[in-house]
Amino acid sequence: MPEGDTVLQTAARLHAALAGRVLTQADLRVPRFATSDLSGRTVLDVTARGKHLLTRVEGGLTLHSHLRMDGAWRVYAPGERWRGGPGHQIRAVLANTEHTAVGYRLPVLELLRTSEESRAVGHLGPDLLGPDWDPGLAVERLAAAPDRSLGEALLDQRNLAGIGNVYKCELCFLARVTPWLPVGALPDGTLPRLVALAHRLLDANRYRPTRTTTVRAERRPRPDTPAPARPKRPLPPLRVQEPLYVYGRDRRPCLRCGTPIRKVDEADRPTYWCPSCQSGPTPLRPQ
């Protein structure tokens, strides 16, 4: 599932291709809006709100789309072959004289009045990459349900907008707790630091083609520094930098301790964690 940084990059590509230009074609291939024609209107801007995309068109209209698990927007030059999938998966085509934007497998596509955008995105919490980012409000919303698991709370876009499954797993690893630990069981001061870290990670990845949560896999100590405490097991060799700590690394050694990373599938979403570095309940070890 695309996360806030990926959606922001998609919005930037669409804005560069469409904003300030008149639509020569606007084909919405969903039954409810199939007869809507935006041709001849100028695209004003394309912006991201959490994981939502808002394409604003003159005349007070907004095309709202959401990528969810498999959706994608592709931009093509005139005459370029469309390669985003078979034709029956196309849900929207927005074209001008210089570019064509094609929306594939979009599970959410609706045309609404710009003045009514709140119907689509008004429920969202503070946007981690938006001008409305408010870490205090994000902490307050997360803390409002202390019995809820941390992983669920982070994925709930009503608390803070932009975190998906990758960041959920990585943030829980960096906080050294499992995603199933109740929010109220976090050590004092952890929640504000976790929210600040989420903002730093998404902000650092907003322009990167490949998402990473690791600066380096690990830093080896300088010769003049005291020797660290003896690890539980030998550390793995650190010759290759890994972009992520746990996500997608099932059964591979943890970058911190060498323990094999574990994975469990929940509601079509895989969750990864290190059973040694992260404390708290798991589906395999209830608390």
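Two strands count as paired here if DSSP finds at least two bridges between them. With that in hand, a good place to start in this predicted model is a spot where two strands face each other: A95 stands opposite T100 in β7. The strand on the other side of this pairing is β6, and β6 and β7 run in the antiparallel sense, joined over five bridges. The two make a hairpin, with four residues between them.

That hairpin belongs to a bigger picture. The strands line up in the order β1-β6-β7-β5, giving an open sheet of four strands with antiparallel pairing. At the edges stand β1 (25–28) and β5 (72–76), and each has a single partner strand, so one side of each is left without a neighbour in the sheet. On average, neighbouring strands of this sheet are turned by 15° against each other, direction ignored. Helix α1 packs on the sheet, where it touches β5, β6 and β7 (100–104). The direction of α1 makes about 35° with that of β5.

Back to β6, which covers residues 90–95 and pairs with β1 in the antiparallel sense over four bridges. Two of the matches can be picked out by name: A26 has L94 as its bridge partner in β6, and D27 has V93. As a general point, side chains in a regular strand alternate between the two faces of the sheet. How much of β6 is tucked away? Five of its six residues are buried, so β6 is largely enclosed by the rest of the structure.

The helix that packs on this sheet deserves a look of its own. α1 takes in residues 4–18, 15 residues in total, and reaches 21 Å from its first C-alpha to its last. That is close to the 21 Å expected at 1.5 Å a residue. A good number of its residues are buried, among them V7, L8, A11, L14 and L18. The buried set also includes G4, D5, Q9 and T10. After α1 comes G20, a glycine whose phi is positive, near 80°.

Positive phi values turn up in two arginines as well. Most residues other than glycine have a negative phi, which puts R176 and R251 on the list of things to check by eye. R176 has a phi near 65°, a positive value in a residue other than glycine. It is found in the loop between α5 (165–174) and α6 (190–205), and at 43% relative accessibility R176 counts as partly exposed. For R251, phi is near 70°, again positive in a residue other than glycine. R251 sits in the loop between α6 and β9 (262–266). Is R251 buried or exposed? With a relative accessible area of 69%, R251 is exposed.

Another loop residue, S149, lies between α3 (135–143) and α4 (150–155). S149 is buried, its relative accessible area being 15%. Leaving aside residues up to four places away in sequence, S149 touches P179, W180, L181, P182 and V183.

Next come the cysteines. A disulfide is a covalent bond between the sulfur atoms of two cysteines. How many disulfides does the model have? The count comes to zero. The cut-off explains this for two cysteines: a pair of sulfur atoms has to lie within 2.5 Å. The sulfur of C254 has its closest cysteine sulfur in C277, and the 3.7 Å between them is too far for a bond. For C257 the closest cysteine sulfur is in C274, at 3.7 Å, which is too far for a bond as well. Both C254 and C257 are out of the way: C254 counts as buried at 0% relative accessibility, and C257 is buried with a relative accessible area of 14%.

Finally, the chain as a whole. The chain has six helices and 10 strands. Of its 287 residues, buried ones make up 50%. The exposed surface comes to about 14600 Å², with carbon and sulfur atoms supplying 50% of it. Among contacts between residues at least 6 apart in sequence, 60% join residues at least 24 apart.

Conventions
Residues are numbered from 1 along each chain as its sequence is written. Side-chain values use heavy atoms; hydrogens and water are left out. The expected span of a helix is 1.5 Å times one less than its number of residues. Buried means under 20% relative accessible area, exposed over 50%, partly exposed in between (1.4 Å probe, protein chains only). Contact means heavy atoms within 4.5 Å. Accessible areas come from the Shrake-Rupley method with a 1.4 Å probe; for residues, only the protein chains shown count as cover. Axes are lines fitted to C-alpha atoms, for helices over the stretch in contact, and angles run from 0 to 180 degrees between N-to-C directions.
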